[in-house]
2 protein chains.
Amino acid sequence: MADNKKKMVEDITSMDVDFAKWYTDIVRKADLADYSSVRGCMVVRPYGTAIWENIRNLLDGMFKETGHENVMMPMFIPEGLLQKEKDHVEGFAPEVAWVTHGGSEKLAERLCVRPTSETLFCEHFAKVCSSYRDLPMLYNQWCSVCRWEKTTRPFLRTAEFWWQEGHTIHETAEEAMAETEQQLECYARLCEEYLAIPVIKGQKTDKEKFAGAERTYTIEAMMHDGKALQSGTSHYFGDGFAKAFDITYTGRDNKLHHPHETSWGMSTRIIGAIIMTHGDDNGLVLPPAIAPWQAVIVPIAQHKPGVLDAANELKARLAKVCRVKMDDSDNAPGWKFAEYEMKGVPLRIELGPKDIENGQCVVVTRHNREKHFVKLDEIESMIPVLLQKVRDGIYQIALENRENRTFVGHSMEEIMKFSAEQSGFLKTMWCGELECEMKMKEEAGLTSRCMPFEQENLGDVCPICGKPAKTMVVWGKAY
Amino acid sequence: MADNKKKMVEDITSMDVDFAKWYTDIVRKADLADYSSVRGCMVVRPYGTAIWENIRNLLDGMFKETGHENVMMPMFIPEGLLQKEKDHVEGFAPEVAWVTHGGSEKLAERLCVRPTSETLFCEHFAKVCSSYRDLPMLYNQWCSVCRWEKTTRPFLRTAEFWWQEGHTIHETAEEAMAETEQQLECYARLCEEYLAIPVIKGQKTDKEKFAGAERTYTIEAMMHDGKALQSGTSHYFGDGFAKAFDITYTGRDNKLHHPHETSWGMSTRIIGAIIMTHGDDNGLVLPPAIAPWQAVIVPIAQHKPGVLDAANELKARLAKVCRVKMDDSDNAPGWKFAEYEMKGVPLRIELGPKDIENGQCVVVTRHNREKHFVKLDEIESMIPVLLQKVRDGIYQIALENRENRTFVGHSMEEIMKFSAEQSGFLKTMWCGELECEMKMKEEAGLTSRCMPFEQENLGDVCPICGKPAKTMVVWGKAY
């Protein structure tokens, strides 16, 4: 009890006081993750792991529905293999961990711990792909990868992180492009429908695209503080990797061709996005689809006869319609309320002697603390309705935050004003030149998030250089 | 078609001719795994990964039923942390891969790629465990680990392998021992019930136990060639690691105590056990519980009107009772038969114009090629019955193989005779001395597999030294 009491009085930092501190307070207080003695690496605790498993199950189901198969690739990449695609190695070599010794022996060739696995998949494709009949090959793997980051924050940027990486090869460029789009759509659906995070779908500029890709698609979410979080990316490689790794197949014309390739990934970063999109000063707010417990039953005056029996019966009934926990520990109800608010459980169900007498219970939605008096004999049908209400409610709040923080820049003056006064998304036209993109970074501190698929015509010229505009870009500061 | 035809005529090596070659032929021909350019590391292909996912789902379900929670730990262990428990580091340091550089910088302290994660869990337990109320902590993780093996074979011994490792801490030694036993029982249940592999449960001798453990329990299976395969282990650590890592909790008596610890693991090796327990000269034979497809429908004369429609209808109906595939590719039925036998699909369902006319289909059980004529309107109820028949049938074959290859050694003469003439298990009494265990290794080439929980009294003396016997041991040659 001593620890529990201590925990109860210790509040978390308010997000308005220090957003970064608020974030790490939640990570720690909601038991999501802990630091380890390994530089930049985190321990994902049971509650954080359960969230990741739920995300994983949703995504894995979507991947399999569209014909993807999982594989398990080695965690090491020989230095020579990493170097086969020039742009790729330039992008990743500076941030990989190198294995130089096995046991007491020095290795003849260094191995890097995979930062991403294009090279390994390409090597494998070259071995197993021989005919157009083998195509498409639609592979995915769930694993952790390692990028030697200088400064790290749990979930957002860690030296090791968990993710899935899909790698596919196709007969035609059109099919590969369709795959790239389909998988981005899959990430967008996960974010919007299940995680209640509104995202902007678009294409990365050449400067921001993946090392070695011809084209990178992205979904960009806005966090509560107005900063952007790149939440999932899907890359189209053309046949560049296939050429570098000599992947060929005999086509319908009986000639040798190179297949067209894609890769796409989503990582444990998305847990950071969930925290920073939905959380508040009382803790985490979890989207119902991935909450380890969607509802928690807190018995009131649980020592009184009949209360625990009724709570147990309610739990058994609800277990058929949602992931439910019943907390009959001897902590006070007030402590439990605070604990499950911290953990972001979407629904709290209070059940006391009076409620039982009246054949009802009180259901409180976490995100707005709204009380719903629900008849016990209607509870199974009401809980799914309330869970949907939570999803819709938190989506709406996130969408409003994004809309309130999205501005348009028609001139350098407006851009600089935005940069000085606001934190959010800035939409401008753009000429397409790297020079202007660099200027945005240097003068306004903004990076291009994406060129949205849904374009708007904000004017004819690039406000940075005054030349004719080619496309609309969303800019922001990013995690 | 060219590739397919080639594949069809290319037989695999017979297991009687060359068991090792037969094994690797199956791994390759059944599309389970492939070699990679990373020394000793394999690529697990979609079919092998699907088998592992099924095993994982079964085990994960059992773990969660008994209150275990998954976590995700770092893949690296700082050298200093690995060294904290003396026996443990001695056991593992010679076979780990060392990371010495991050990007272009040399690390101040080397990191090893985890060969197992006791040290990481202990460090975490020390941080999160403070009161007896926090106990037990029942953690598990699914990951890959790395042991720098000199000679490797797919699944059986690879530099990297996938596994789960459970790590738990408990208030009392009794609870930790009960956990150690419970988890071994869980592995035994997986093997016997689901994988149809009979196992002997027992305790490892001190020589063979896990580095740092007080006691190691094991399940030992016999492969088709008589060699043993250690299929899962469960370790009791007492409070040795807790003391080394300073894990303490405030007990009910308000004093500080060290918790008692366990760990337990099962790996992708078990796929090797499945191959070598059930496979035959036609390929893999998969236990239904983990087969990616439990039944495959092969339409006969599929160009004839009505056949594919009937096959599709059958598939839709069977999808409700099993994992079913329908192969309407333009390969010949004979090719398909060979292909799905190679892949070990438990049931093949043949459906041609005549069958449709007669309202039946032919179901062939993979392991014995028995034909069952099943009425189409009884198919949903018959398939589960036939799948159970397969499980029972292959279990029985494996059990008989083990019984036929299990012998008793009452004297050194009988032991040497067994060693010269047989490949299998040898049961003897044993005095408990390391010297006799070493002599068995040196003179008879046998290692102790375990001291079975089910003891038999084969005599009063150790046949190796003639001194009083303490226990019965099962010996063998092991993978």
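# Talking through a two-chain predicted model

Modeller: Chain A has 15 helices and 23 strands. Bear in mind that this is a predicted model.

Biologist: What makes chain A as compact as a globular protein of that length?

Modeller: Set its radius of gyration against the globule rule. Chain A comes out at 25 Å, and the rule gives 23 Å for 479 residues; the two are close, so chain A is as compact as a globular protein of that length. Along the principal axes, the C-alpha trace of chain A spans about 80 × 60 × 50 Å.

Biologist: How much of chain A counts as buried?

Modeller: Buried residues make up 49% of the 479 in chain A. The cut-off is 20 or more other C-beta atoms within 10 Å of a residue's own. As for the contacts in chain A between residues at least 6 apart in sequence, 68% of them join residues at least 24 apart.

Biologist: Let's take one residue. Why does B:Val298 count as buried?

Modeller: B:Val298 has 25 C-beta neighbours inside 10 Å, and the cut-off is 20 or more, so B:Val298 counts as buried. B:Val298 sits in strand S15 of chain B. Leaving out residues up to four places away in sequence, B:Val298 touches B:Asp327, B:Pro333, B:Lys336, B:Phe337, B:Arg348, B:Ile349 and B:Glu350. There is also B:Val362, 64 residues from B:Val298 along the chain, with 10.0 Å between their C-alpha atoms.

Biologist: Which way do S15(B) and S17(B) run, parallel or antiparallel?

Modeller: They run parallel, and five bridges join strand S15 (residues 295–299) to S17(B). One pair there is B:Val296 with B:Arg348. S17(B) also pairs with strand S18 (residues 360–365) of chain B, in the antiparallel sense over four bridges, and B:Ile349 has B:Val363 as its bridge partner in S18(B). Strand S17 (residues 347–351) is mostly covered, with four of its five residues buried.

Biologist: What makes strand S23 of chain A largely enclosed?

Modeller: Count its buried residues. Five of the six in strand S23 (residues 471–476) are buried, so S23(A) is largely enclosed by the rest of the structure. Strand S21 (residues 425–430) of chain A is joined to S23(A) by five bridges and runs antiparallel to it; A:Met429 is matched there with A:Met472. Strand S22 (residues 447–452) of chain A is antiparallel to S23(A) too, with three bridges, and A:Thr447 has A:Gly476 as its partner.

Biologist: Why do S3 and S20 of chain B count as edge strands?

Modeller: Start from the sheet. It is an open sheet of eleven strands in chain B, in the order S3-S7-S8-S14-S11-S10-S9-S22-S23-S21-S20, with mixed pairing. Strand S3 (69–70) and strand S20 (406–408) each have a single partner strand, so one side of each is left without a neighbour in the sheet. Elsewhere in that order, strand S7 (residues 137–146) and strand S8 (residues 160–170) of chain B are antiparallel and joined by ten bridges, with B:Asn140 opposite B:Gly166.

Biologist: And how close is H13(A) to the span expected of a helix?

Modeller: Helix H13 (residues 379–404) has 26 residues and reaches 37 Å from its first C-alpha to its last, close to the 38 Å expected at 1.5 Å a residue. Its buried residues include A:Ile379, A:Ile383, A:Leu386, A:Leu387 and A:Val390.

Biologist: On to the two chains. What is the relation between chain A and chain B, and how do you know?

Modeller: A rotation of 180° with 0.0 Å of shift along its axis superposes chain A on chain B, with an RMSD of 0.0 Å. That is the relation of a two-fold axis. The C-alpha of chain A nearest the axis belongs to A:Val99, 2.1 Å from it. The same surface serves both copies, since 100% of the contact residues of chain A recur in chain B.

Biologist: How many residues are in contact, and which element of chain A gives the most?

Modeller: 46 residues of chain A are in contact with 46 residues of chain B. S5(A) gives the most to the side of chain A that touches chain B, with six residues. By class, that side has 24 nonpolar, 13 polar and nine charged residues. S5(A) also pairs across the chains with strand S5 (residues 97–102) of chain B, antiparallel and over five bridges. In that pairing, A:His101 stands opposite B:Trp98.

Notes. Residues numbered from 1 in each chain as written. Chains lettered and ligands numbered in written order. Predicted model: local features only at pLDDT ≥ 70, side-chain atom pairs only at ≥ 80, totals over all residues. Helix = DSSP H or I, 4+ residues; strand = E, 2+ residues; numbered from the N terminus. Rg over C-alpha atoms; globule rule 2.2 N^0.38 Å. Buried ≥ 20, exposed ≤ 12 C-beta atoms within 10 Å, placed from the backbone. Contact = placed C-beta atoms within 7 Å. Expected span 1.5 Å × (residues − 1). Pairing = 2+ DSSP bridges. Nonpolar A, V, L, I, M, F, W, Y, C, P; charged D, E, K, R; others polar. Least-squares fit on C-alpha atoms with pLDDT ≥ 70 in both.
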